[in-house]
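Colleague: Could you take me through a single part of this model in some detail, and then show me how that part sits against its surroundings? I am new to reading structures, so please go step by step.

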Amino acid sequence: MGIGYIKNDYNGCLGTGDDTIADCAAEGQIMNVNSFYNFIDSLKSEFPSLILENCASGAMRQDYGILQHFHLESNSDQEIYHYYPSIIQGESAILLPEHNGVWAYPYPLLFNVREIPGILDTQGYFESMKNGEETIFNMINGMCGVMLLSGHIEYADDFNLKLIKEASSLYKNERGFILNALPTYPDGIINICNKKTWACIGYINTSKTRMLLNVWRLSSEESTYHIKLNHFVGKDVSVKINYPSMDTKCEFNLVAYDLTVNLPDINMARSFLIETKS
C-alpha cells in the first residue's frame with residue numbers, strides 16, 4: 001500500500017493482569033505483553049522498511065523493554081504547548097533523542113474546542129496567532145528530539161508559515177547533531193504544575209564545543225533569566241539566536257559564562273547556538 005510509517009496509538013490499561021489465560025494475573029499480564037511484542041516483531045520481519053512508533057500509553061509502555069521492538073515513541077499528546085517544556089525535560093532524562101518523539105502543534109485545535117472547528121476561521125484566532133510567538137514556542141518544543149509536526153498548519157498566515165518552514169529546515173540540519181548530543185539541564189527540571197517560571201534544556205556534544213540551548217519563558221513575572229554555562233568555563237565562546245533568525249524581541253548578553261536572556265512576554269521561547277571559538 002506504500003505506507004512507510006505507522007503509529008500504534010493505544011491507551012489501554014491491563015490493570016492487575018488476566019488470570020483467565022494463566023495461573024495468576026501477573027503471569028497473564030506477562031503473556032499478554034510478550035504476545036504483543038511478538039506481533040510487532042513479526043511486522044518488522046515482514047516489512048523491514050516500515051517505521052513503527054510506540055504510544056507510551058500514559059507511560060505504562062514507556063521503557064526500553066518495548067523500545068527494543070519499536071523505532072521510537074511519542075512522549076506525550078499534551079496539546080497545551082506551554083506545559084510541554086517540563087515533559088521534554090523529564091523525557092530527555094530517560095529516552096535517547098532518536099526515540100523521543102516530541103509533538104509540535106502550531107495552529108492547534110485543542111480538545112476543548114474540537115467540536116467547533118470553525119473557530120480556526122475566526123478573526124480572533126488569527127489575531128491571537130499573528131505575532132508568531134505560539135508557533136515559535138511549538139516549533140522549539142519539536143526540536144527537542146524527533147519532531148512530530150501537527151496542528152492545522154493549513155491555516156497559517158504567511159508570517160507563521162515562514163516560521164514553521166524555517167524551524168523545519170533548521171531541525172533537519174541539526175537533527176544529526178541532536179541525536180548524538182547529550183541533554184543538559186543548566187537550571188534543573190521544572191515541575192509541570194510550576195507555571196510561573198522559566199525553563200531551559202541544552203543539547204551538547206561530547207567534546208563540549210557546541211550546544212543547542214532552548215529557553216522558554218512560561219508565566220513567570222520575571223522578564224529576565226540567568227543561565228550558567230558551566231560546560232564552557234575556560235573556553236572562548238560565542239552565542240547567537242538560532243531560531244527564529246529574524247528576531248527583534250529577545251535580548252541576551254553573556255558575561256563570565258552567565259547568559260542573561262530577556263523575553264518581554266509570557267509563553268515565549270528562543271533557541272540559541274553556543275559554540276567555542278576556534
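Modeller: In this predicted model, the buried residues of helix α2 are Y84, P85, S86, I87, I88, Q89, E91 and S92. The helix spans residues 84-92, and with eight of its nine residues buried, α2 is mostly covered. To see what does the covering, follow those buried residues outward: they pack against the strands β4 (100-104), β6 (182-184), β7 (198-204) and β8 (210-217), and also against helix α4 (133-142).

Three of those strands belong to one sheet, and α2 lies across β6, β7 and β8, running at about 35 degrees to β7. The sheet itself is open and has five strands, in the order β6-β7-β8-β13-β10, with antiparallel pairing. Strands β6 and β10 (237-243) stand at the edges, and because each has a single partner strand, one side of each is left without a neighbour in the sheet. From one strand to the next, the twist averages 25 degrees.

At the β10 edge, the partner is strand β13 (residues 268-276), which is joined to β10 by six bridges and runs antiparallel to it. As one point to find on the screen, V239 stands opposite I274 in β13. Helix α5 also packs on the sheet, where it touches β7, β8 and β10, and its direction makes about 135 degrees with that of β10.

One residue of α2 leads us into the interior. I88, which is among the buried residues of α2, is also one of the residues that touch the most other members of the largest nonpolar core, a set of 43 residues; the others named with it are M139, I140, M143, Y203, W216 and Y243. Helix α5 (residues 158-179) gives the most to this core, with seven residues. A second, separate core of 20 residues includes W198, C200, L229 and L259. Returning to I140, and not counting residues up to four places away in sequence, you will find it touching N214, W216, Y243, A269, R270 and S271.

Finally, look at L179, which is found in helix α5. Is L179 buried, partly exposed or exposed? L179 counts as partly exposed because its relative accessible area is 32%, which falls between the limits of 20% and 50%. Leaving aside neighbours within four places in sequence, L179 is in contact with P97 and E98. L179 and L96 are 83 residues apart in sequence, yet their C-alpha atoms are 7.7 Å apart in space.

Methods: Residues numbered from 1 in each chain as written. Predicted model: local features only at pLDDT ≥ 70, side-chain atom pairs only at ≥ 80, totals over all residues. Heavy atoms only, no water. Core = buried A, V, L, I, M, F, W, Y, C linked by side-chain atoms within 4.5 Å. Buried < 20%, exposed > 50% of the residue type's maximum accessible area, 1.4 Å probe, protein only. Helix = DSSP H or I, 4+ residues; strand = E, 2+ residues; numbered from the N terminus. Contact = heavy atoms within 4.5 Å. Pairing = 2+ DSSP bridges. Axes fitted to C-alpha atoms, helices over the stretch in contact; angles between N-to-C directions.
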